[in-house]
Every structure is written in C-alpha cells, then in structure tokens.
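Have a look at the chain below and turn it around a few times. Then we'll go through its surface, its fold and its inside.

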Amino acid sequence: TIYVLDCGGQYCHLLASRIRRHEAFSAVVPCEISAEDLSDACGVIISGGPQSVFEESSPRVDSKIWSLPVPLLGICYGCQMMCQDLGGIVKNSDHGEYGAAELHCTVETNGLIPSGKRVVWMSHRDIVTRLPDGMETIATTEHSPHAAVKLIGKPVFGVQFHPEVRHTSDGEKILGNFVDLCQ
C-alpha cells in the first residue's frame, strides 16, 4: 500500500487516484497516523495543505515517518514540513508561487523527475531556504531554490509543486516514477 497522508490539501484524493492509475493500491489516511500503523506501507506520500509550517495549529506527522524504510514523497506543505523536521530552514517568502512555474531539473539522474525543463503547478508562500544535512536540490524555479529535493542515498523526495494536477507537465510520469520506486 502507498499511503497518502492527508494534510488538508484539496488535491489529496486526486493524488491517491493518480497513484492507482499506475496499478498501485493507495489509501488516504489522516496525517496524524503513527509510523507503527504504516508497517505494511511500500511507500508514503505526505500531501500538501493550505497551512504554513509556522502555524501552531498546522498538522504534523509522526517524526518516525521520516525514518521509515520505504520511499517517501512530500508534496508542497509536505515537502516544507519534511525539510523543517529534518533540520532545514523554511521561511515565508516575499514571492509566493501560484500557478504555472518553469522547473529546471538540476540533477539528471535523480529517480523521480525526468531531466530538462517543464511547467509545473505551484501553490505556496513558504519556501525551503536551507536544506537539511544529507539532502540535495534536484530542481529549481525562479522563486524556489529548492523546488525539488532528495535525501542522498535514499528514496526520500520533496517537491514544492503539485505533480497530481494536469497543469504539471510530466506529472503522471513523476508519480509513476515514485510508484516504481515503491515496488
């Protein structure tokens, strides 16, 4: 099962549906689920949400999830939470990104995002400004220096954009690549 942790984003169920298109079983669960309850996971996606990681009332995941021995993908808010929880720095940006943005893949063989440039769909105000130790940037946009990130040596990824929406070029391919990592 690829679990989609629901952080309140409007695209959470669409994300689970897109995973199923790649012949993988997916289930949407509350983001407060314990890591122990994900023992049968072959992958975990932490969805986006309308909150900021700076709000005390924002949803948080069990910190043990970041250590699960399965592929992980944080999307938008999920990416920001992951980077912050692992020791990176997230800040409120003067230039939020909403709508289409040009993504530049900076690491050609990263396992998730095909090489080259593509249009992606953004919807965020907070940005990751410093990565946690052991993490690398794999793609950037004009306003996001860490638009996609990867934990070196592990299938743990974060993306500021929404691969599940049709406005993201190669979004289905990116999700398919994640599913492949989970098998």
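## Surface and charges

The accessible surface of the chain adds up to about 8100 Å² (Shrake-Rupley method, 1.4 Å probe, with only the protein chains shown counting as cover for residues). Carbon and sulfur atoms hold 49% of that surface. This is a predicted model, where local features need pLDDT of at least 70, side-chain atom pairs count only at pLDDT 80 or more, and totals for chains, interfaces and linings use all residues. Residues are numbered from 1 along each chain as its sequence is written, and side-chain values use heavy atoms, leaving out hydrogens and water.

## Overall fold

You'll find three helices and nine strands here (DSSP runs: H or I of at least four residues for helices, E of at least two for strands, numbered from the N terminus). In sequence order they go β-α-β-β-β-α-β-β-β-β-β-α. The C-alpha trace spans about 40 × 35 × 30 Å along its principal axes.

## What's inside

Buried residues (under 20% relative accessible area, 1.4 Å probe, protein chains only) make up 55% of the 183 in the chain. The largest nonpolar core (buried Ala, Val, Leu, Ile, Met, Phe, Trp, Tyr and Cys joined through side-chain atoms within 4.5 Å) has 31 residues, and L5, L38, V44, I46, V61, I65 and M81 touch the most other members. Two or more residues each come from β1 (2-6), β2 (26-30), β3 (43-46), α2 (77-85) and β8 (148-151). The top contributor is α2, with five.

Apart from that core lies another of 30 residues, including C12, I75, V120 and V179.

Conventions
Buried means under 20% relative accessible area, exposed over 50%, partly exposed in between (1.4 Å probe, protein chains only).
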